[in-house]
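These are some notes for a colleague who is opening this structure for the first time. Please read them with the model on screen, taking the points in order.

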Amino acid sequence: MLWLHATLLLFLLTVTFISSAAAQTDCSRNYEEPCQSYPGDIQDGDAVWPQLFHKVTKRALISNESRLWPNNVIYYKIDTQFTESEKRTILEAMIDWENHTCIRFREEESSVGYVMISLSSRGCCSYIGRVGCKQGLSLNRDCFSKGTVSHELGHVMGLYHEQSRPDRDKYVRIITENIVPTALHNFQKLPSSVIDSLGVPYDHNSIMHYSPTAFSKAGHLYTIVSLSTGIIVGPGQCPSRLDFVQINKLYKCGTSNSSLNSTIQLPPLNPIPPLPYSNCGEVFKGTISFNWVFDHNIDCQWILVVPSGMETSLTILVSLENSGGGLCTKDYVRIHSNGAWGNKYCSDSRVEEKFRDTVVMIKYHTDHFNTFSYEVFTGISITTITGDINECSEGIAGCSHTCTNTFGSFFCSCPEWMYLSCDRKTCIDINECASDNGGCKYSCTNIAGSHTCTCLNDDDDDCCSDGYTLNSHGTNCIPVDVNECLNTSLSQCSQFCVNELNSYHCLCKRGFKLSSDGKNCSDVNECLEFIRPEHHCATCVNFDGDFLCLCADGYTYGPDLHTCVDINECSSGLANCTHDCQNTDGSYTCSCPSGTDLADDGRTCIDIDECTLNLHNCKYGCLNKEGSYLCTCPSGFRTLLESGTCTDINECSSGVHNCSHFCHNTNGSYTCSCPQGMLLLNDYKNCSDIDECSSSNHGCQGSCLNTEGSYRCLCPKGFQLSIDGKSCTDINECSEASTNNCSHFCHNINGSYTCSCPSGFVLSSNDKDCSDINECSSSNHGCNWSCINTEGSYTCLCPEGFHFSTADNGSCADINECSQRTHNCSHYCHNTNGSYTCSCPSSFRLSSNGYQCNYIVSHTTASGSINLNTSNVTWTIQIPNANQAIKLTFLSLSISCSNGGSIEIFSGIEPVSSISLLRTCGGSFPLSPIISSINELSVVYETGNSSDSASLKYETVLPSQTNVKSCFGVVSNGQRFSLPDFPSKYTSSLNCNYYVISSQRTVTLTILYTDLNYESCSNTQDRLIVYSDFQFSQQIGAMCNAKGETVFTAHNYLMVVSYNGIEPSKYRGFEGLVTISD
């Protein structure tokens, strides 16, 4: 909602009652509402109670009248800083409350207190109820809207936040984990001793209710939700129906007040007055009427701005050259409206157009080629007429009932049994039963435009509540009341009359007060009763209903235009002080800084010449400057500020000298000198080096190198300087690894070194590194199979199944695995050149590994059983009917996995060429039958322990009885799998089991898509169940009442995915993905 802002909280509606301590309010205290927390203030978002009213008690209505507004009238003032549009919005919010309650707003100050509606930079906030003197209602443009104003006016009338009701937990849930921690106090529930809702139901859409994301940590997270399905909490742009009921109950308005019309007059939307034409490029407001004569090289455009709701008739008389065959390529006039440029007009033509745009552009263009146009063409003449659009007659107003046209706008109205909604267009039926039960004593039924009451035992005298009676039709109850205000002989009010149930009261205009008779109004002499010395009126003139205060010198009118406030001549620029200005009450004074004096005009500051007037303490020289002076000293000295004397500057210590080496300070100056080995130059500042090597070698065995201020001896490469600093000795580079680069052997020589290599290596071209000699590259060296070069040598190798025979000149000889018993054959071994093969005796069959012989037990009957009674056995089952399938069921299983034992099921009688359906060990086996798609099946057992056991049975079934094509299988790592016919719906009943058996511990199943039975989680049919064992006893989870991606994990090397489908053509099943990890 656009009217919400970070500084404005979303709100709850509840009537709050404050103790009678308000009656002793200290009106000297400034009750401008602070809009932020202060120690001692009780706050809830934008609703504030001053510390003075910290006692909050639930009381009967009559004992709380000190916090209600007397006579249902709320006095107010609006800050002059608001724009006309903003003031109109504030008045529209007041009209909403007046149209549906007995509350009336009056723009004036009052002794009973009044609300100062001010423009503030601190947020949007207000006090709850009447304070008793001036009280603040602050609005900020960041949170300003009609909804915000309606909410703050609700606080003024006595409404509190709905979320604080003691019964709120029956209707909404507060999600504290989503709330900003610093805002948790705004969601506190207040006890029934503080809040009384007067029996009005909880209102999710009250103007005082929080939005669902108020104070959310992430902005989109809900902080408050309704406990009722389908209800979204949060206010609209105007008060709800129950808001009006709440106020009518609080102020005892009665049922007839729900259709009262507001007395507030909105300021008119004045059309923008026209401005006279001036120059090319002018912006016109309202109308245009001018002529523009022809000339060359014109490229001009005008903008016409028209108020909204108006229609403009535009007439342009054109007299231009017809160029381009009527295309107006040279001289033309063109109009931009409705978001696009229209046709070009030229020649002698009359352009007439009507438009409803608020902005229209007119372009006038001529070129420079026409030489005779001055005599032929006259230019253009533009005239506009602006008139009102009758939105009502044109059917564009959108009023649901009555539409009334106004100049530049319109307004909608409703019959008396309806009220105008927040959109200001739609009429909504008034639910008379919502307030005082419609006057019915028993049951009230709302109908369009009225209501009906149900009587007890058809007794008409027992239908209506006290104060009500049946209408002439005997259908509903109406208040028993005489509107005295309609008959002046009954009310006798001299100015305003306000009707009440069975009564009335009189009101006076601003500037008048009600006399003791309660009927007549007399003028208030504000000059005697209101004006005080602090108002600074030089003269006060009273007249009927108002007064005039003439301000004294140094004062001007305040915001109320009746009292005077001090003119700050300093901040307003009226003082004309050249330097410092101090404002005083009604005047000001000028002052000057040190070193200057105030001139006779009392405004200008002039400089004091301390040097001429001898007001200085300088011992050598004095220099005057603006506002002060400076003491001067000769070169080489500086001034001591306190004494004004001169002291020597130590150029050497302060670093301001120019000596290149040594500096010696003197009184008022300094001298330079040089170190040994250097000579001072003629500038007496810089030193020059003496080159000792230019005249002598100084005994150096090698060479002499001059240095700054001295010299040193150098030795050639491979030698080092001796301790005498002159002679040179050889460096043994081979003594330290860091002083040579030889990869193997180093040999020192005088002034250098050489490198060499061991046998099998050769010295590289850099004379330092040794490279291996590849003996195999030039010769096989007698190797029978392969020669392999090694670092500094070589070796001979043989292929697998052969060994190197030193006795046979290094040739490769076959290894007889059978005679050496290095083979893996369980029965017979046959050596081959470089390898071997295995074979089995009769009644045995070589297993798929090529080594193990399994005992063959053949079954050809239609059914039978298989029991583990020997090691390494293969059972083959082959039924004669090729149109039948085999269903194999595990009865028991106990095989040692740690010793390599296993049992594996194949789809044919030749395991080597058949498809493996299942391989398992341990005690886990599938409870569901394993069904072969053909009439052959084999069971292979590999030995584990002597205590291994297994029991299975088999039987034949027809393919139509299995109905499980691809519905059983073993799923491997990274494999996707799904039910038959997926993604289509399966066409027959299913009993599917998918097995995952892993060599790694963790098995993860990701369900990528589901279409299951979501009706009941307790239903085991048509839903997915995941187990961590083959006995279907350890359930990991199931898919029910949820859709989307779901993950299941098992940590015991296996997983079973089971699906039992009994409703064909209804569900699609699922699609899953298996991943395996350590």
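1. Which residue in β72 is the bridge partner of serine 894? The partner is serine 949, and this pair belongs to a longer contact, since strand β67 (residues 885-894) and strand β72 (residues 949-957) run antiparallel and are joined by nine bridges. Please keep in mind throughout that the model is predicted.

2. The two strands of the previous point are part of an open sheet of four strands, in which the order is β65-β72-β67-β70 and the pairing is antiparallel. At the edges stand β65 (863-867) and β70 (930-931), and because each has a single partner strand, one side of each is left without a neighbour in the sheet. As general background, the strands of a sheet pair through backbone hydrogen bonds, either parallel or antiparallel.

3. Another open sheet of four strands, again with antiparallel pairing, has the order β74-β81-β76-β79. Its edge strands are β74 (976-978) and β79 (1046-1050), each of which pairs on one side only, and from one strand to the next the twist averages 25 degrees. Within this sheet, five bridges link β79 to strand β76 (residues 1002-1011) in the antiparallel sense; there, threonine 1006 has valine 1047 of β79 as its bridge partner.

4. A hairpin is formed by β33 and β34, with two residues between them, and glycine 545 in the turn has a positive phi of about 80 degrees. Strand β33 (residues 537-543) pairs with β34 in the antiparallel sense over six bridges, and valine 541 has leucine 548 in β34 as its bridge partner.

5. Strand β34 also appears in the lining of the second largest pocket, whose volume is about 1,600 Å³. Of the 45 residues that line this pocket, Glu108, Glu109, Ser110, Tyr114 and Phe530 are the closest to its centre. The elements giving two or more residues to the lining are β4 (73-78), α1 (84-100), β5 (104-107), β6 (114-119), β30 (503-507), β31 (512-514), α7 (526-529) and β34 (546-551), and the largest share, four residues, comes from β4. By residue class, the lining of the second largest pocket divides into 18 nonpolar, 10 polar and 17 charged.

6. How do α1 and helix α2 (residues 146-157) lie with respect to each other? Their axes come within 9 Å and cross at roughly 55 degrees, and the two helices are therefore oblique to each other. The crossing of α1 and α2 is right-handed.

7. The count of cavities of 30 Å³ or more comes to two, and the second largest cavity has a volume of about 30 Å³. This cavity is lined by Ile74, Tyr76, Met94, Phe105, Val115, Ile117, Leu137, Leu153 and Val156, and the elements that give two or more residues to its lining are β4, β6 and α2. What is the make-up of the lining of the second largest cavity in nonpolar, polar and charged residues? The division is nine nonpolar, no polar and no charged, whereas the lining of the second largest pocket includes 17 charged residues.

8. A last remark concerns β4 and β6, as both strands give two or more residues to the lining of the second largest pocket, and both do so for the second largest cavity. A reader new to the structure may therefore wish to view these two linings together.

Methods. Residues are numbered from 1 along each chain as its sequence is written. This is a predicted model: local features need pLDDT of at least 70, side-chain atom pairs count only at pLDDT 80 or more; totals for chains, interfaces and linings use all residues. Side-chain values use heavy atoms; hydrogens and water are left out. Two strands pair if DSSP finds at least two bridges between them. On a 1 Å grid over the protein atoms alone, a cavity is a set of points where a 1.4 Å probe fits but cannot get out, and a pocket is an open set with protein on both sides within 12 Å along at least five of seven lines; lining residues have an atom within 4 Å of a point. Grid points are joined across faces, edges and corners, and a volume is the space filled by probe spheres set on the points. Ala, Val, Leu, Ile, Met, Phe, Trp, Tyr, Cys and Pro count as nonpolar, Asp, Glu, Lys and Arg as charged, and the others, Gly among them, as polar. Axes are lines fitted to C-alpha atoms, for helices over the stretch in contact, and angles run from 0 to 180 degrees between N-to-C directions. Angles under 35 degrees count as roughly parallel, over 145 as roughly antiparallel, 65 to 115 as roughly perpendicular and the rest as oblique. A crossing is left-handed if the near helix is turned anticlockwise from the far one by less than a right angle, and right-handed if clockwise.
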